[in-house]
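Colleague: Could you take me through the metal site of this model, one ion at a time? I would like to know what holds each ion and where the ligating residues come from.

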Amino acid sequence: MTAEKILLCVLDGISDRPCPEFGYRTPLQAAHTPNLDTLAREGICGIMDTIAPGIRPGSDTAHLSLLGYPPERYYTGRGPLEAEGCGIHMERGMIGFRVNYATIDDEGIVTDRRAGRISDTGALSRAIQEEVDLSSLGVEFVFRSGAGHRAALAFRGEGLGAAVSSNDPKKEGAILHRFEALTSKPEDRKTAEALNEFARQAGEILREQPLNQEREKRGDQPANMVLIRGAGQMGHYEPFNEKYGMKGSVIAAATLITGIGTVVGLTRVDVQGITGSANTNLEGKIRATISELEKADFVLLNIKGADEAGHDGNAQKKKEFIEVIDQALAPLQDLENCLIAFCADHSTPCSVKDHSGDPVPLLIHGEGVRVDGVDRYDEIACAGGGLHRIRGEYLMPVLLDLVNRSRKYGA
Ligand code: ZN
Ligand code: ZN
């Protein structure tokens, strides 16, 4: 018997370095994880450089690599992926940007880069979409709200470039920047000009919005400006189902990860109450994953939260969240006809408070795998496993081979 389906479960930023709080064990080593440990005992383990040894991956570049789209060939910046994740269909050549709603004062000083962490921006984004007009510049745009204070923007038009600066001064108390072309190419100058015009018009429209006037009355920060960054030109991604002959879906709280899924042709599955933080609806995510696997051949499931604790440098919180994840994974033990791979997209050591190039633990469970002697899922135990040390771009080939979908090379 061979499994037919594949679940790739990315435990975002779960791996770490030794922490003094735990007698120099990692949070994953210190955590009580009976479900992951059972899967490790019944599966094959290893460690993985999601991009290459010593490279510190972003979540975006790492996920591209894990899906078999090497970032050095495919990655054109975060903007187009965020735009996709916010529901904008990015066509080849379009320029995508990430956006924050922000607050500026009358002098143009940024007083809050997140507009008081505003969360209900739908009406604001609709007003921008309806009222901003860039037709005199020959540019069409799509603007959509994302989670919280976030949004995304995409430009479509002839002769647009992506080498442009941001209007975000990156700190509060500083003046809003103007967009500049980073080269002397007319394409980049045209994009910078369109961005300056877009931000000017958007600012005027936002000031007039009833929602902002109500916020000001309540003493909340109005969302009266958009900070735009992460410009990138949408490239071409060979569709996942053509590349692998499998129909796939993506389940993730982060728009960036959903966007990566949809740019390669995975179907997004929305789950109520998923936040990407420790209070996320994990049970709902697991239930959605199991029901999606009845229809799809492949599911990419991203579970965030441990990454956030790593960025906060909070080893105790990270350990506790790992235990919550482990409990939520229990129903996956009963999955039939499915190969499950667990890994991280990168390590997020509490001592670094950011991503590091340390390899991540990898576990593959399911029919047909050569069970090795590893009986715990953690960075150290997995390093002794039968998969040894592989690169992220080899994960899909290994999984496809285990479900007998690999094409023979030679006679
Ligand atoms: Zn990540
Ligand atoms: Zn992170």
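Modeller: Happy to! Let's begin with the zinc ion (ligand 1), which is coordinated by Asp12 (OD), Ser59 (OG), Asp345 (OD) and His346 (NE2) at 2.0 to 2.1 Å. Please keep in mind that this is a predicted model. The four donor atoms here subtend angles of 99 to 135°, and that makes the arrangement around the zinc ion (ligand 1) irregular. Along the chain, the donors of this ion follow the spacing D-x46-S-x285-D-H. Distant parts of the chain are linked in this way: Asp12 lies in the loop between strand S1 (5–11) and helix H1 (27–30), while Ser59 belongs to helix H3 (residues 59–66), 47 residues apart. Asp12 and Ser59 are both buried.

Now for its partner: the zinc ion (ligand 2) is 4.5 Å from the zinc ion (ligand 1). Its donors come from Asp307, listed with two OD entries, together with His311 (NE2) and His355 (NE2), at 2.0 to 2.5 Å. The angles among the four donor atoms of the zinc ion (ligand 2) run from 55 to 147°, and this site is irregular. In sequence terms, its donors are spaced as D-x3-H-x43-H. Distant parts of the chain are joined here too: Asp307 sits in helix H12 (residues 306–311), and His355 is found in the loop between strand S11 (338–343) and strand S12 (360–365), 48 residues apart. Both Asp307 and His355 are buried.

Terms used. Residues are numbered from 1 along each chain as its sequence is written. Chains are lettered from A and ligands numbered from 1 in the order in which they are written. This is a predicted model: local features need pLDDT of at least 70, side-chain atom pairs count only at pLDDT 80 or more; totals for chains, interfaces and linings use all residues. Side-chain values use heavy atoms; hydrogens and water are left out. Donors are N, O and S atoms within 2.8 Å of the metal (3.2 Å for Na, K and Ca); water is not among the atoms, so sites may look incomplete. Four donors count as tetrahedral if all angles lie between 85 and 135 degrees; four count as square planar and six as octahedral if opposite donors are over 155 degrees apart and all others between 65 and 115; anything else is irregular. Helices (H or I, at least four residues) and strands (E, at least two) are DSSP runs, numbered from the N terminus. Buried means under 20% relative accessible area, exposed over 50%, partly exposed in between (1.4 Å probe, protein chains only).
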